[in-house]
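Visitor: Put the model on screen and let's talk it through.

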Amino acid sequence: MRYWLFKSEPSVWGWRDQVRRGDTGEQWDGVRNYQARNFMREMALADRGFFYHTQNEKAVVGIVEVCAEAHPDSTTDDPRWHCVDIRALAPLPMPVTLEAIKADPRLSDMALVRQPRLSVQPVTLEAWKIICRMGGAEEW
């Protein structure tokens with residue numbers, strides 16, 4: 001299993017929207033960055049991810065799971081773009097802010113810190129465990 005982070009503007013698609021999709025999940029479409037697209041092509045069923053709110057909140061708010069591997073993005077006819085489908089698993093009991101992540105030296109190498117504009121990014125197992133603990137979700 002691998003771990004990821006999916007960034008979303010909550011005013012466009014937020015955690016509540018993701019939860020409402022239920023077990024069906026939702027395609028993570030509209031990504032037009034080659035590096036982020038390539039990360040999605042690496043994803044496998046049951047990989048886990050953090051759901052991250054951008055804009056004013058800037059925090060990890062939930063845990064998601066990849067429920068469909070990379071496939072053509074339905075929002076474009078351009079064959080270069082692919083996406084995965086994700087479904088909500090659980091909210092974090094306490095959102096983990098970008099400020100808290102940046103303040104923890106163990107997380108200084110995270111893409112979220114080094115490449116803040118990248119919308120889909122890998123997360124190491126160590127970082128996954130640290131952020132889960134920070135958010136009160138140790139069982140994941």
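Visitor: Aspartate 73, buried or exposed?
Guide: Buried, because its relative accessible area is 2%, and buried means under 20%, against over 50% for exposed and partly exposed in between (1.4 Å probe, protein chains only). Keep in mind that this is a predicted model, where local features need pLDDT of at least 70 and side-chain atom pairs pLDDT 80 or more, while totals for chains, interfaces and linings use all residues. Residues are numbered from 1 along each chain as its sequence is written, and side-chain values use heavy atoms, with hydrogens and water left out.

Visitor: Where is aspartate 73 found, and what is it in contact with?
Guide: It sits in the loop between β4 and β5. Not counting neighbours within four places in sequence, aspartate 73 touches Gln27, Asp29, Gly30, Val31, Arg32, Trp81, His82 and Cys83. Contact here is heavy atoms within 4.5 Å.

Visitor: OK, the sheet. What order do the strands come in?
Guide: β2-β5-β4-β3-β1-β6, six strands in an open sheet with mixed pairing. The edges are β2 (26–27) and β6 (120–123), each paired on one side only. Strands are DSSP E runs of at least two residues and helices are H or I runs of at least four, numbered from the N terminus; two strands pair if DSSP finds at least two bridges between them.

Visitor: How many bridges join β1 to β3?
Guide: Six, between residues 3–8 and 48–53, and those two strands run parallel. Leucine 5, for instance, has phenylalanine 50 as its bridge partner in β3.

Visitor: And β4 to β5, parallel or antiparallel?
Guide: Antiparallel, over ten bridges; proline 72 is bridged to histidine 82 there. β2 and β5 are antiparallel too, over two bridges, with glutamine 27 partnered by aspartate 85.

Visitor: Which strands does helix α5 lie across?
Guide: α5 (125–134) lies across β1, β3, β4, β5 and β6, at about 55 degrees to β3. That angle, on a scale from 0 to 180 degrees, is between the N-to-C directions of lines fitted to C-alpha atoms, for helices over the stretch in contact.

Visitor: Valine 84 in β5, what is it in contact with?
Guide: Beyond its neighbours within four places in sequence, its contacts include Phe6, Trp28, Met40, Met43 and Val66. Valine 84 is buried, since its relative accessible area is 0%. Its C-alpha is 6.2 Å from that of methionine 40, 44 residues apart along the chain.

Visitor: Switching topic: how many disulfides?
Guide: Zero, counting a disulfide as two cysteine sulfur atoms within 2.5 Å. For cysteine 67, the nearest cysteine sulfur is that of cysteine 83, 11 Å away. For cysteine 132 the nearest is cysteine 67's, 19 Å away, and cysteine 132 counts as buried at 2% relative accessibility.

Visitor: Last one: which residues lie nearest the centre of the largest pocket?
Guide: Lys7, Ser8, Glu9, Trp28 and Ser119, out of 19 lining residues. β1 and β2 are the elements giving two or more residues to that lining. A pocket is an open set of points on a 1 Å grid over the protein atoms alone, with protein on both sides within 12 Å along at least five of seven lines, and lining residues have an atom within 4 Å of a point.

How values were computed:
On a 1 Å grid over the protein atoms alone, a cavity is a set of points where a 1.4 Å probe fits but cannot get out, and a pocket is an open set with protein on both sides within 12 Å along at least five of seven lines; lining residues have an atom within 4 Å of a point.
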